[in-house]
Amino acid sequence: MAAGAVLVMGAGSVGCFVGGSLAAAGVPVTLVGRPRVLDAIARQGLVLSDLDGTTRRVPAAALRLAAHVPADAAPSLVLLCVKSGATAQAASELAAALPAGTRVLSLQNGVSNAAIASAAAPALKVLPAMVPYNIAELAPGAFHRGTVGRLAAQDDPALLQWLPVFERAGVPLDLRADLLAIQWGKLLLNLNNPVNALSGLPLRDELLQRGYRRCLAALIDEATAALDAAGIEPAQLAAVPARRLPMVLRLPNWLFRVVAARMLRIDAKARSSMADDLALGRRTEVDAFCGEVVRLAQAHGLAAPRNAKMVELLDGGWPAPPGRFTPQRLCAQLAI
Ligand SMILES: NC(=O)c1ccc[n+]([C@@H]2O[C@H](COP(=O)([O-])OP(=O)(O)OC[C@H]3O[C@@H](n4cnc5c(N)ncnc54)[C@H](OP(=O)(O)O)[C@@H]3O)[C@@H](O)[C@H]2O)c1
């Protein structure tokens, strides 16, 4: 059954991988993005690789590439795939071009992007979703999925027809009633992104230093206290329940290596995409992660000073780079 056409708003790592996978499965896909990304795809098509070693190629001819939302676009589904800071602008561009009621799936991290997009595009029907896996741009036009998992989206009857399509495309999608819990579960894990970005190290090397892990544990503690106050139970997305994660993170290195062997099964060169944003001088999503914790804490009469400090370190002097932080220096900044 043809579910219709898909428009990807923000053709980057997530947009090209998920949109490209759907195109490879025969879905008509339009990628709206920047020339840096689209020119490479126009030249050589998309290369989508997976951690199981499989590679799919999508010829440029199988895609529609556009710098702006085409005036004649009438997609059945939009995948909103810009970074959090670009959400409002992207949503207003969608609103200006698309029919009212168009379904927009926010495949973004954080917990507020769907609400931000809805506010900027009230006529569109924006639904939150969550991408559990890591996708990296290995080279222009080449995107690699480095971890596993299934997409999750807010339960909506209009998405039912898409489930077999996403399944066939190798990007299976589950509809969930408890998406906020899932988003918070992911956000807790995303609190490592700013730590990783400030460390200047690959993820594995960073996680093998107890000082950085103590910083992450402290950020998660503040977040879980705020979640408790708000009555939100975050979903468990890692091998360890969110509440036990700080205890595991604080273990001495030798024990952490044993207990967290699965967590450490990461490509030796893998970094968080926030580290890439810093390297490219782009504003990071720290406000959508640590900033969100600060706001939730404040809304319930609590403070989250360590998360606030991370926002200050990464955002305070932007666009000036914050520099590299040793574990000792970061612990000192966070008063740990
Ligand atoms: N990558 C991952 O592994 C991963 C996994 C799970 C979730 N996520 C989340 O998914 C979201 C997207 O992440 P990503 O890594 O895919 O980001 P990305 O690679 O930076 O892709 C976003 C692309 O959208 C472009 N863009 C921004 N505004 C636009 C507009 N108005 N029109 C057209 N293009 C626009 C950006 O260009 P400019 O940079 O020039 O603005 C960029 O090329 C984030 O919320 C992220 O946290 C990412």
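This note comments on a four-stranded sheet, the helix that lies across it, the aromatic and charge-ring arrangements, and one helix pair in a predicted model.

1. The sheet. Four strands build an open sheet whose order is 4-3-10-9, and the pairing within this sheet is mixed. Strand 4 (55-58) and strand 9 are the edge strands, each pairing on one side only. From one strand to the next, the twist averages 25°.

2. Strands 3 and 4. These two strands run antiparallel and are joined by four bridges. Within this pairing, Val47 has Arg57 of strand 4 as its bridge partner. Strand 3 and strand 4 form a hairpin, with four residues between them. Gly53, located in the turn, has a positive phi of about 95°.

3. Strands 9 and 10. Strand 9 is joined to strand 10 (residues 142-145) by four bridges, and the two run antiparallel. His144 in strand 10 is the bridge partner of Ala136.

4. Helix 1 and the sheet. Helix 1 lies across strand 3, strand 4, strand 9 and strand 10. Relative to strand 3, helix 1 runs at about 95°.

5. Ser49. This residue belongs to strand 3 (residues 46-50). Its relative accessibility is 13%, so Ser49 counts as buried, the cut-off being under 20%. Leaving aside residues up to four places away in sequence, Ser49 touches Phe17, Thr54, Thr55, Leu138, Phe143, His144 and Arg145. Among these contacts is His144, the residue of strand 10 that is the bridge partner of Ala136. Another of the contacts is Phe17, which lies in helix 1 (residues 13-24).

6. Aromatic pairs. How many aromatic pairs does the model contain? The count comes to two aromatic pairs. In one of them, the ring centres of Phe17 and Tyr133 are 6.5 Å apart and the ring planes stand at 65°; the pair is therefore edge-to-face, for which the angle must be over 60 degrees. Phe17 is in helix 1, whereas Tyr133 is in the loop between strand 8 (125-130) and strand 9 (135-139), so this pair ties together parts that are 116 residues apart in sequence. Phe17 is buried, with a relative accessible area of 0%, and Tyr133 is also buried, at 5%. The rings of Trp162 and Phe166 have centres 6.2 Å apart and planes at 85°, so that pair is edge-to-face as well. Both Trp162 and Phe166 are buried.

7. Arginine over aromatic rings. Tyr133 has Arg145 over its face, at 4.7 Å from the ring centre. Arg145 is also one of the residues that Ser49 touches. Elsewhere, Arg213 lies over the face of Phe256, at 3.9 Å from the ring centre.

8. Helices 9 and 14. Which residues make the contact between helix 9 and helix 14? The axes of helix 9 (residues 210-230) and helix 14 (residues 305-315) come within 8 Å and cross at roughly 120°. Helix 9 is therefore oblique to helix 14, since 65 to 115 degrees is the range for roughly perpendicular and over 145 that for roughly antiparallel. On the side of helix 9, the contact is made by Ala218, Leu219 and Glu222. Helix 14 contributes Pro305, Arg306, Asn307 and Met310.

Methods. Residues numbered from 1 in each chain as written. Predicted model: local features only at pLDDT ≥ 70, side-chain atom pairs only at ≥ 80, totals over all residues. Heavy atoms only, no water. Buried < 20%, exposed > 50% of the residue type's maximum accessible area, 1.4 Å probe, protein only. Contact = heavy atoms within 4.5 Å. Phe/Tyr/Trp six-rings, centres within 6.5 Å; stacked < 30°, edge-to-face > 60°. Lys NZ or Arg CZ within 6 Å of the ring centre and 35° of its normal. Pairing = 2+ DSSP bridges. Axes fitted to C-alpha atoms, helices over the stretch in contact; angles between N-to-C directions. Parallel < 35°, antiparallel > 145°, perpendicular 65-115°, else oblique.
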